[in-house]
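Here are some friendly notes to read alongside the model, written for someone meeting it for the first time. Each numbered point takes up one topic.

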Amino acid sequence: SNTSTVSVGANSASADNSIIQTLTGNSNTTTVNVASSAAGDDADIDLVATGDSNTVTINENSTASMIGSDKKITSITLIGASNTVTSTHTGAADQDTTLHHTGASSTFAITQDGAHDGSVSITTVGSGHNVTVTMDD
């Protein structure tokens, strides 16, 4: 098992963020923080995890009013059982989240709260999932 944290824009403004992470193995924990206390612009987060009992937490708070091609895009791919995903997007922007999961008995909680359009797309292959999606404008 491994633990990792990626933080962008924690102390100063950040723009054109691209975070790409690949995890392999069981019981990994990863956290991605974008613009937690400073202004953030568009964000592209791509995460792939292969294995069982992995925990993924994404906290994204871009402040720019982005629409059209400037947006916040999160793509998560998980292969394995008993994985947990918590993805929270706040701030004024167009937010798109895609989750693809293959495996059983996982928990997904996706929250998007922004002033512009947003979408959540979830594809699962397996059974016994606990899924919560909250979108608020």
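1. Let's begin at the surface of this predicted model. Ile 122, Val 131, Val 133 and Met 135 together make a nonpolar surface patch of about 300 Å². Strand β11, which spans residues 130–136, gives the most to this patch, with three residues. Ile 122 has its place in strand β10, residues 118–125.

2. How exposed is Ile 122? Its relative accessibility is 31%, so Ile 122 counts as partly exposed. That class lies between buried, under 20%, and exposed, over 50%.

3. Strand β11 also leads us to the first topic in the fold, an open sheet. Six strands form this sheet, in the order β1-β3-β5-β7-β9-β11, and their pairing is parallel. The edges are held by β1 (3–8) and β11; each has a single partner strand, so one side of each is left without a neighbour in the sheet. From one strand to the next, the twist averages 5 degrees.

4. For a closer look at this sheet, try the pair at the β1 edge. How many bridges are there between β1 and strand β3? The two strands, with β3 covering residues 29–34, pair in the parallel sense over six bridges. If you would like a spot to find by eye, Ser 4 stands opposite Thr 30 in β3.

5. Strand β10, the home of Ile 122, belongs to another open sheet. This one has five strands in the order β2-β4-β6-β8-β10, again described by parallel pairing. Here β2 (17–24) and β10 stand at the edges, and because each has a single partner strand, one side of each has no neighbour in the sheet. The twist from one strand to the next averages 5 degrees in this sheet.

6. Within the five-strand sheet, which strand is joined to β10 by eight bridges? The partner is strand β8, residues 95–102, and β8 and β10 run parallel. A handy pair to look for here is Thr 98, which stands opposite Ser 121 in β10.

7. Now for the charged side chains. The structure holds one salt bridge. In this salt bridge the side chains of Lys 72 and Glu 60 meet, at 3.4 Å from N to O. The pair links distant parts of the chain, twelve residues apart: Lys 72 sits in strand β6 (residues 72–79) and Glu 60 in strand β5 (residues 55–60). Looking back at the strand orders, β5 is listed in the six-strand sheet, whereas β6 is listed in the five-strand sheet.

8. Are the two partners of the salt bridge buried or exposed? Lys 72 counts as buried because its relative accessibility is 1%. Glu 60 is buried too, with a relative accessible area of 2%. For both, the cut-off that matters is under 20%.

9. Finally, a view of the whole chain. Its secondary structure comes to zero helices and eleven strands. Of the 137 residues, 36% count as buried. Among contacts with a separation of 6 or more, 57% are between residues 24 or more positions apart. The chain exposes about 6,200 Å², and carbon and sulfur atoms supply 47% of that area.

Note on methods:
Residues numbered from 1 in each chain as written. Predicted model: local features only at pLDDT ≥ 70, side-chain atom pairs only at ≥ 80, totals over all residues. Heavy atoms only, no water. Patch = residues over 30% accessible without salt bridge, like charges linked within 9 Å, V, L, I, M, F, W, Y side chains within 5 Å. Areas by Shrake-Rupley, 256 points an atom, 1.4 Å probe, with all protein chains shown as cover. Salt bridge = Lys/Arg side-chain N within 4 Å of Asp/Glu carboxyl O. Helix = DSSP H or I, 4+ residues; strand = E, 2+ residues; numbered from the N terminus. Buried < 20%, exposed > 50% of the residue type's maximum accessible area, 1.4 Å probe, protein only. Pairing = 2+ DSSP bridges. Axes fitted to C-alpha atoms, helices over the stretch in contact; angles between N-to-C directions. Contact = heavy atoms within 4.5 Å.
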